[in-house]
Amino acid sequence: MSLKEKDDMDHEGWMKRKDLTPVESTFLVALIWMDKRLRIVDYLELLENLYYKVNLQMPKSHTEQYDLDNKFWYWYPLYALGSFSTLAYVVAAVSGALLGFYYAPAQTGDPSTAYNSITFIMTDLQFGFMLRSIHRWSAQVMVAAVFLHMLRVYFTGAYKEPRELNWLLGIVLISLTMVFGYTGYLLPWDQLAFWAGQIGVEMSLSIPLAGEWVAQLLFGGFTLNQATLQRMYIIHVFLLPFVVTALIAIHIGIVWVQGIAEPH
């Protein structure tokens, strides 16, 4: 976009030569007035050029390249796994946000607060049992869908050039999905959560050289305590949602630009 002043144009004379309706005339008068002050048309042209560049999906999909129409229709359900996992993530995020209104992590000197809040949600809160079940099952469906999605990408060769960057991003996403599930598993702070957390501590301690540092960072020590639950809560609620949402947006954006890699 040039910073030079535009040449003056007789807009009024141009509009008189056109057979415009009152609505069109009003719109053009408003647009001309705005453009003289804010250069609206230049920005609209930039957005138009960006739109056409983004929609140049290269390379073309296999079906488009060889004009195969619907000959691969039996593969199509496997190509919905990415969208299905994204939908499951949205359901888990919304239901988790609603659960957050009633869930409370451990208070000072009372680590049973988390368990009591889960008990309240499951037994006393109206539709609480259904809400937690939706959150739990959508999370499990997301894990399964992401895993199957990665298998489909691998066995159809969709990870190859030029899509190797998106494959690596997918590996990061499935890893964060596992962390999402693990941190959420510990939040009820029941017997299952306790022993799952103890396994996590032992796994951290088994890391060569940095094991003790990792255990103290993630679990607040070498045994489970109130700091462990606080860390899991912060990771699950305040860290992972923003990171995973941003990476999913980038992942989908790359697919949009590159197109779908269909089976060869």
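**Exercise 1. The largest nonpolar core**

Identify which residues of the largest nonpolar core touch the most other members, and which helices supply the core.

*Solution.* The model is a predicted one.
Step 1: the largest nonpolar core holds 34 residues, and those touching the most other members are Tyr-89, Tyr-103, Leu-187, Leu-229, Met-232 and Val-244.
Step 2: at least two residues of this core come from each of α5, α6, α7, α8, α9 and α11.
Step 3: the top contributor to this core is α11, with 9 residues.
Step 4: take Leu-187 and set aside its neighbours within four places in sequence; its contacts are then Tyr-103, Ala-114, Leu-229, Met-232, Tyr-233 and His-236. Of these partners, Tyr-103, Leu-229 and Met-232 were also listed in step 1.

**Exercise 2. The largest pocket**

Describe the largest pocket by its volume, by the residues nearest its centre and by the make-up of its lining.

*Solution.*
Step 1: the space in the largest pocket is about 1000 Å³.
Step 2: its lining consists of 31 residues, and nearest the centre lie His-135, Gly-184, Tyr-185, Leu-187 and His-236. Leu-187 and His-236 are also in contact with each other.
Step 3: the helices that each supply at least two lining residues are α5 (81-99), α6 (113-123), α7 (128-155), α8 (164-186), α9 (191-205) and α11 (226-258). The most comes from α7, with 7 residues.
Step 4: sorted by class, the lining has 20 nonpolar, 8 polar and 3 charged residues.

**Exercise 3. The second largest pocket**

Give the volume of the second largest pocket, then list the residues closest to its centre and the classes found in its lining.

*Solution.*
Step 1: the volume is about 640 Å³.
Step 2: 29 residues line this pocket, and Gly-82, His-149, Arg-152, His-251 and Val-255 are the closest to its centre.
Step 3: α5, α7, α8 and α11 each give at least two residues to the lining of the second largest pocket.
Step 4: the class count for this lining is 16 nonpolar, 11 polar and 2 charged residues.

**Exercise 4. Two hydroxyl residues**

Decide whether Ser-85 is buried or exposed, do likewise for Thr-177, and list the contacts of Ser-85 and of Thr-177.

*Solution.*
Step 1: Ser-85 sits in helix α5, and Thr-177 belongs to helix α8.
Step 2: the cut-off for buried is under 20% relative accessible area. Ser-85 has 9% relative accessibility and therefore counts as buried. Thr-177 has a relative accessible area of 5%, so Thr-177 is buried as well.
Step 3: a polar atom of the Ser-85 side chain lies 2.7 Å from the backbone oxygen of Gly-82.
Step 4: not counting residues up to four places away in sequence, Ser-85 touches Met-142, Ala-145 and Val-146. With its neighbours within four places left aside, Thr-177 is in contact with Met-142, Val-143 and Val-146. Met-142 and Val-146 thus appear in both lists.
Step 5: Thr-177 and Val-143 are 34 residues apart in sequence, with a C-alpha to C-alpha distance of 6.6 Å.

**Exercise 5. The whole chain**

State how many helices and strands the chain has, what percentage of its residues count as buried, and what share of its contacts joins residues 24 or more positions apart.

*Solution.*
Step 1: there are 11 helices and 0 strands in the chain.
Step 2: of the 264 residues, 32% count as buried.
Step 3: among contacts with a separation of 6 or more, 64% join residues 24 or more positions apart.

How values were computed: Residues are numbered from 1 along each chain as its sequence is written. This is a predicted model: local features need pLDDT of at least 70, side-chain atom pairs count only at pLDDT 80 or more; totals for chains, interfaces and linings use all residues. Side-chain values use heavy atoms; hydrogens and water are left out. On a 1 Å grid over the protein atoms alone, a cavity is a set of points where a 1.4 Å probe fits but cannot get out, and a pocket is an open set with protein on both sides within 12 Å along at least five of seven lines; lining residues have an atom within 4 Å of a point. Grid points are joined across faces, edges and corners, and a volume is the space filled by probe spheres set on the points. Helices (H or I, at least four residues) and strands (E, at least two) are DSSP runs, numbered from the N terminus. Ala, Val, Leu, Ile, Met, Phe, Trp, Tyr, Cys and Pro count as nonpolar, Asp, Glu, Lys and Arg as charged, and the others, Gly among them, as polar. Buried means under 20% relative accessible area, exposed over 50%, partly exposed in between (1.4 Å probe, protein chains only). A polar contact is a pair of N or O atoms within 3.5 Å; within protein, one must be able to donate a hydrogen and the other to accept it, and residues adjacent in sequence count only if both atoms are side-chain atoms. Contact means heavy atoms within 4.5 Å. A nonpolar core is a set of buried Ala, Val, Leu, Ile, Met, Phe, Trp, Tyr and Cys residues joined through side-chain atoms within 4.5 Å.
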